[in-house]
Amino acid sequence: MQLEIKQVSKQYKGDVWALREMNLHMKKGIVGLLGPNGAGKSTLMRILATISQPTTGTINWNGIDIRKEPDELRQMLGYLPQDFGVYPHLNPIEFLEYAAALKGLGGRQTKQRIMELLELLNLHHALKRPIGSFSGGMRQRIGIAQALLNDPRLLVIDEPTVGLDPEERVRFRSLLTDLSGDRIIVFSTHILSDIEATADQIAILSEGRLLAHSDPSSLLRSVRGKVWSVIIPDEEIQNARAKWTISGTIRQDNGLQLRIVSNVPPLPEAIEATPTLEDAYLYIRMKQGEA
Ligand SMILES: Nc1ncnc2c1ncn2[C@@H]1O[C@H](COP(=O)(O)OP(=O)(O)OP(=O)(O)O)[C@@H](O)[C@H]1O
């Protein structure tokens, strides 16, 4: 099972290039797409979901070009868009039956699948409630349920944690892990902690370009020896911000303790610190800025 994105660019009206010559090879597992607002994540996801087409480049699903044969992927695809709308008066069963009908699914097997999904997503206690009364987390789980109706091999989820409270976020992460198995799950976020614990692969996007694609431990390795801890007097913080890439600040009795991402020690007394993925992300963005 593989999804290959080859030299994909996407131009919108007004000469906006949302994606630029993107190459990305995905295999079974959870792929986290990380990037700031406007990086091109939703554009890429819409293309993967065959809703939008690249301006140039190709996408192959198990070797088949999805522009030429979109149905090859569509029947194996589950997609949860960012702006997923529900019918607030329907209860979960009614809504999922409706979503199944739109996908051309029906019959007793589908009814059974709906009940299994409601159980899996921990919504079985709310079968009679209208979706309009659901919390953000419950609505999102309904969105995931509709994406899973056809037991997809490729599950594409756009910014699934937006609007979730911290508890719901944690639950969502463990749900992703439960769902991973014999499929590719691609999900986008601009929040690093969503990815840290779950993703097998991290792809970092910025301004339509792929800045990095690797597993979390290689990303961490790439920034080893480039993260420093220093203490500076309070009044020097503005100066420090202008000079260095700072990934953290902690107030101490003797001043401000800074975490700095830098190729060389920022000050002679700087002490090397253990990198986090946040440091790696900042380092990659910093290198992009220098390029
Ligand atoms: N339909 C459109 N027409 C014109 N420009 C668009 C359109 N959709 C997106 N863009 C632009 O393309 C770029 C990438 O947008 P995209 O929504 O893919 O980014 P994103 O990483 O998903 O950001 P966000 O997290 O804000 O959704 C942005 O500059 C955006 O303004």
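In β14, I271 is the bridge partner of S229. This pairing comes from a predicted model, and it belongs to the contact between β11, which covers residues 227-232, and β14, where the two strands run antiparallel over 2 bridges.

Let's step back to the sheet around that pair. It is open, has 4 strands, and follows the order β12-β13-β11-β14 with antiparallel pairing. Which strands stand at the edges? They are β12 (245-252) and β14 (271-272); each has a single partner strand, so one side of each is left without a neighbour in the sheet. As a reminder, strands of a sheet pair through backbone hydrogen bonds, either parallel or antiparallel.

Now for the protein as a whole. Its secondary structure comprises 10 helices and 14 strands. Along the principal axes, the C-alpha atoms fill a box of roughly 70 × 45 × 35 Å. How much of the protein counts as buried? The share is 47% of the 291 residues.

Contacts tell us about sequence range: among those with a separation of 6 or more, 67% join residues 24 or more positions apart.

The surface and the charges are easiest to read side by side:

| Property | Value |
|---|---|
| Accessible surface of the protein | about 14600 Å² |
| Part of that surface belonging to carbon and sulfur atoms | 49% |
| Positive charges of the protein | 34 charges |
| Negative charges of the protein | 34 charges |
| Distance between the mean positions of the positive and negative charges | 5 Å |

Terms used
Residues are numbered from 1 along each chain as its sequence is written. This is a predicted model: local features need pLDDT of at least 70, side-chain atom pairs count only at pLDDT 80 or more; totals for chains, interfaces and linings use all residues. Side-chain values use heavy atoms; hydrogens and water are left out. Buried means under 20% relative accessible area, exposed over 50%, partly exposed in between (1.4 Å probe, protein chains only). Contact means heavy atoms within 4.5 Å. Accessible areas come from the Shrake-Rupley method with a 1.4 Å probe; for residues, only the protein chains shown count as cover. Lys and Arg count as positive and Asp and Glu as negative; His and the chain ends are not counted. The place of a charge is taken as NZ of Lys, CZ of Arg, CG of Asp or CD of Glu. Two strands pair if DSSP finds at least two bridges between them.
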